[in-house]
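Trainee: I have a new model open on my screen and would like to learn how to read it. Could you walk me through it?

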Amino acid sequence: MHEFPPIAELLPHRGGAVLLDAVLEDNADYIRAQVRIGPQHPYFEAGRGVPVWVGIELMAQAIAAHAGLSGRRSKTPPRKGMLLGTRRFEATTSYFAEGTELVVEARREFGGDSEIAACACRISSGGETLATATIIIVEIPEDKLP
């Protein structure tokens with residue numbers, strides 16, 4: 001099994017803004033990460049868990065972690081990125097329940113080295129799909145930052 005760096009080393013986020021726990025798998029166009037739902041999560045609601053809409057940010061952070069790992073592989077800093085939008089967000093639950101271990105997957109559908117990309121994303125637990133979406137991102141080269 002491949003060892004990945006701590007998730008906080010891969011994301012531009014800090015402290016409580018880091019919502020993922022670890023990377024499980026990563027290759028050129030795909031990442032699989034995990035997060036455990038519990039009271040330590042900044043969006044946790046006692047007796048309910050974490051609202052499913054937080055899944056959009058979990059998906060975006062998985063994409064950002066993938067960019068961090070891609071940068072390490074190519075020995076270049078990852079481009080700065082922003083979430084532009086979400087298409088077809090669908091969920092089978094309203095909350096991710098306490099104690100649930102989520103697997104967050106993102107696969108690049110188009111974009112390659114272009115500035116705009118789309119990723120097909122899925123959040124599951126125990127093999128059951130809990131949420132899916134297409135996440136649209138923009139990656140900005142350093143020389144084009146304001």
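Trainee: Let me begin with two strands: over how many bridges do β4 and β8 pair, and in which sense, parallel or antiparallel?

Mentor: The general idea is that strands of a sheet pair through backbone hydrogen bonds, either parallel or antiparallel. Here β4 and β8 pair in the antiparallel sense over nine bridges. Strands (E, at least two residues) and helices (H or I, at least four) are DSSP runs numbered from the N terminus, and two strands pair if DSSP finds at least two bridges between them. For one example, E90 stands opposite T132 in β8.

Trainee: What should I know about the model itself?

Mentor: This is a predicted model, where local features need pLDDT of at least 70 and side-chain atom pairs count only at pLDDT 80 or more, while totals for chains, interfaces and linings use all residues. Residues are numbered from 1 along each chain as its sequence is written, and side-chain values use heavy atoms, with hydrogens and water left out.

Trainee: Which elements does the protein chain have, and in what order do they run?

Mentor: The protein chain has one helix and eight strands. From the N terminus on, the order is β-β-β-α-β-β-β-β-β. The radius of gyration of the protein chain is 15 Å, close to the 15 Å that the globule rule gives for 146 residues, so the chain is as compact as a globular protein of that length. That radius is taken over C-alpha atoms, and the globule rule is 2.2 Å times the number of residues to the power 0.38. Along its principal axes, the C-alpha trace spans about 45 × 30 × 30 Å.

Trainee: In what order do the strands of the open sheet come?

Mentor: Six strands form it, in the order β1-β2-β6-β7-β8-β4, with antiparallel pairing. The edge strands are β1 (22-27) and β4, each pairing on one side only. Neighbouring strands of this sheet are turned by 20° against each other on average, direction ignored. For such angles, axes are lines fitted to C-alpha atoms, for helices over the stretch in contact, and the angles run from 0 to 180 degrees between N-to-C directions.

Trainee: Where does helix α1 pack?

Mentor: Helix α1 (residues 55-74) packs on the sheet, touching β1, β2 (30-36), β4, β6 (101-110), β7 and β8. Its direction makes about 55° with that of β8. Contact means heavy atoms within 4.5 Å. The helix has 20 residues and reaches 29 Å from its first C-alpha to its last, close to the 28 Å expected at 1.5 Å a residue; the expected span is 1.5 Å times one less than the number of residues. Just after α1, K75 takes a positive phi of about 60°.

Trainee: Is Q61 buried or exposed?

Mentor: The general idea is to look at relative accessible area: buried means under 20%, exposed over 50%, and partly exposed in between (1.4 Å probe, protein chains only). Q61 lies in helix α1 and is buried, with a relative accessible area of 1%. Leaving aside residues up to four places away in sequence, Q61 touches L11, H13, A17, V18, L19 and L20. Of the 146 residues of the protein chain, 44% count as buried. Strand β8 is mostly covered, with ten of its 13 residues buried.

Trainee: How does R107 compare with those cut-offs?

Mentor: R107 lies in strand β6 and counts as partly exposed, at 44% relative accessibility. Across the sheet, Y30 stands opposite R107, as part of the pairing of β2 and β6 in the antiparallel sense over seven bridges. Not counting residues up to four places away in sequence, R107 touches D29, Y30, A118, C119 and A120.

Trainee: How many residues lie between β7 and β8 in their hairpin?

Mentor: There are two residues between them, and G126 in the turn has a positive phi of about 60°. Ten bridges join β7 (residues 116-125) to β8 (residues 128-140), which run antiparallel. Among the bridge partners, R122 is matched with T132 and I116 with V138. A hairpin also joins β1 to β2, through two residues, and five bridges join that antiparallel pair.

Trainee: What is the phi of R88 near?

Mentor: Phi of R88 is near 55°, a positive value in a residue other than glycine. You will find R88 in strand β4 (residues 80-91), one of the edge strands of the sheet.
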